[in-house]
Amino acid sequence: MEEKLQELKNRLREISDFSSAASVLSWDQATYMPPQGAAARGRHLSTLGRIAHEKATDPRLGELLNALQDGVSGLPEDSDDRALVRVAKRNYDRLTKIPSDRVAAFSQHASESFQVWTQARPENDFASTRPYLETNLEFSIEFANYFPGYDHIADPLIDFSDYGMKAESVRAVFKDLQEALVPLVQAISDQKVADDACLKQYFPEDQQIAIGEEVIKNFGFDFRRGRQDKTHHPFMTRFSSGDVRITTRYQERDFSDGFFSTLHEAGHALYELGINPEYDGSPLGNGTSAGVHESQSRLWENFVGRSQNFWEGFYPRLQDYFPAQFGEVDLDTFYRAINKVSRSLIRVDADEVTYNLHVMMRFELELQLLEGSLEVKDLPEAWREAMRASFGIVPEDDKNGVLQDTHWYAGVIGGVFQGYTLGNIMCGQFYDAALRAHPEIPEQVRAGNFETLRTWLQQNVYWYGAKYTAEELLERTTGGGLRTEPFVNYLKKKFGALYSI
């Protein structure tokens with residue numbers, strides 16, 4: 001069995017190497033690559049994707065996994081090797097259902113589609129993206145249909161990102177959360193809107209970069225194992241346990257955009273940097289689900305980065321960076337500004353209370369696309385109607401409407417957006433568990449000390465990578481399954497105090 005295990009690990013590491021090489025090229029495309037490199041870059045990614053898929057579906061790998069399933073059954077239930085075989089077998093069974101040539105074709109198309117989107121969004125040009133989006137939808141439906149027997153066509157796509165979840169179960173969770181959010185949004189809307197003018201002054205980009213990097217370094221982001229660069233749509237990517245990169249974007253007339261994007265992506269990176277390094281190059285060496293990943297980015301961005309405790313300690317430092325902008329602005333005004341609740345057009349700029357309504361809207365739209373009840377040509381108008389129904393506002397253009405997120409233009413349609421709200425829910429549960437274990441965390445955050453929180457997260461969430469499913473991780477860490485109550489209670493307590501409701 002030891003020989004077979006070693007062969008399995010060698011094969012999995014080789015697959016990981018090809019996937020990481022493709023990730024490097026994708027990162028370069030989103031950061032530094034000149035526009036004219038797009039066509040060749042699509043070919044490069046297609047080739048690497050095909051090779052990685054062929055190796056990941058090699059019959060010999062299947063033979064090894066089948067043989068090892070019996071061999072590792074005698075190991076302790078919590079054994080890393082047992083978990084490795086289980087997760088690798090699950091991945092193998094999925095990937096063998098999708099032909100390698102289709103994976104390669106989609107990789108090339110997605111690369112080209114992303115490049116078109118980067119030019120189309122600033123030009124408010126949905127028409128140029130439409131044929132690419134229609135092809136993305138065709139690929140998405142094709143991939144879903146490689147997994148027959150689903151209750152909803154989105155189920156296989158959701159399962160890839162958030163294992164064990166289905167459209168029906170996501171809708172049930174969303175319904176539960178929405179019933180709590182809508183009255184809260186309405187109650188806040190009846191109050192005077194916070195003044196965020198202090199955030200809309202001129203903030204030189206170099207100073208924004210400096211203060212953002214100072215904060216995430218304090219959080220624990222290790223610049224010896226990572227870096228930050230600029231891009232069109234912020235993201236985090238991992239090449240290895242020693243190379244985890246984040247990206248962000250800046251607006252010199254909006255302090256919040258770049259600063260909180262930096263904190264958000266650093267939260268993703270802290271997760272990846274905290275995984276057991278022994279898992280590197282294996283299916284265990286990544287975050288376990290989209291939802292758990294998002295829980296960590298939202299925790300550091302919001303539960304820490306937008307908390308009163310954090311700014312009571314750090315606000316004087318912000319004033320040092322921007323004396324002209326914040327020198328005469330008191331802490332209460334600033335705190336209310338960064339936590340302003342309003343019905344807004346842009347998801348990534350949305351406040352904590354309304355953010356999930358954006359996600360739910362997108363989730364329903366992509367289900368309609370996959371079902372065939374909505375056509376791509378009608379998507380801009382459907383988007384506007386959905387915004388009117390959910391928020392009472394309508395974007396004046398597609399740049400701030402259907403073109404705002406890169407997801408549908410650079411990947412499959414379906415299986416991604418639900419992770420953002422699942423992550424917020426889990427974030428409430430993880431943070432609640434951390435506070436039960438260490439009630440002193442808020443005071444430490446006020447003092448600029450994040451070690452206890454980060455250590456608890458590493459020991460209870462990060463370290464295990466994909467060893468446990470999201471459900472198993474929640475059970476181990478919080479003592480139960482997915483529950484909306486901790487997140488809803490957090491929102492009611494925080495924003496109830498801010499808006500006197």
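1. Ala, Val, Leu, Ile, Met, Phe, Trp, Tyr, Cys and Pro count as nonpolar here, Asp, Glu, Lys and Arg as charged, and the others, Gly among them, as polar. This is a predicted model: local features need pLDDT of at least 70, side-chain atom pairs count only at pLDDT 80 or more, and totals for chains, interfaces and linings use all residues. Residues are numbered from 1 along each chain as its sequence is written, and side-chain values use heavy atoms, with hydrogens and water left out.

2. The whole structure has one cavity of 30 Å³ or more. A cavity is a set of points, on a 1 Å grid over the protein atoms alone, where a 1.4 Å probe fits but cannot get out; lining residues have an atom within 4 Å of a point. The largest cavity holds about 40 Å³. Its lining is Arg362, Trp383, Val402, Asp405, Trp408, Tyr409 and Phe417. That makes five nonpolar, no polar and two charged residues.

3. Trp408 lines this cavity. Among its contacts (heavy atoms within 4.5 Å) are Arg362, Trp383, Val402 and Phe417, leaving aside residues up to four places away in sequence. Trp408 also belongs to the largest nonpolar core, of 141 residues. Such a core joins buried (under 20% relative accessible area, 1.4 Å probe, protein chains only) Ala, Val, Leu, Ile, Met, Phe, Trp, Tyr and Cys residues through side-chain atoms within 4.5 Å. Trp300, Trp311, Phe326, Phe334 and Trp408 touch the most other members.

Note on methods. On a 1 Å grid over the protein atoms alone, a cavity is a set of points where a 1.4 Å probe fits but cannot get out, and a pocket is an open set with protein on both sides within 12 Å along at least five of seven lines; lining residues have an atom within 4 Å of a point. Grid points are joined across faces, edges and corners, and a volume is the space filled by probe spheres set on the points. Buried means under 20% relative accessible area, exposed over 50%, partly exposed in between (1.4 Å probe, protein chains only).
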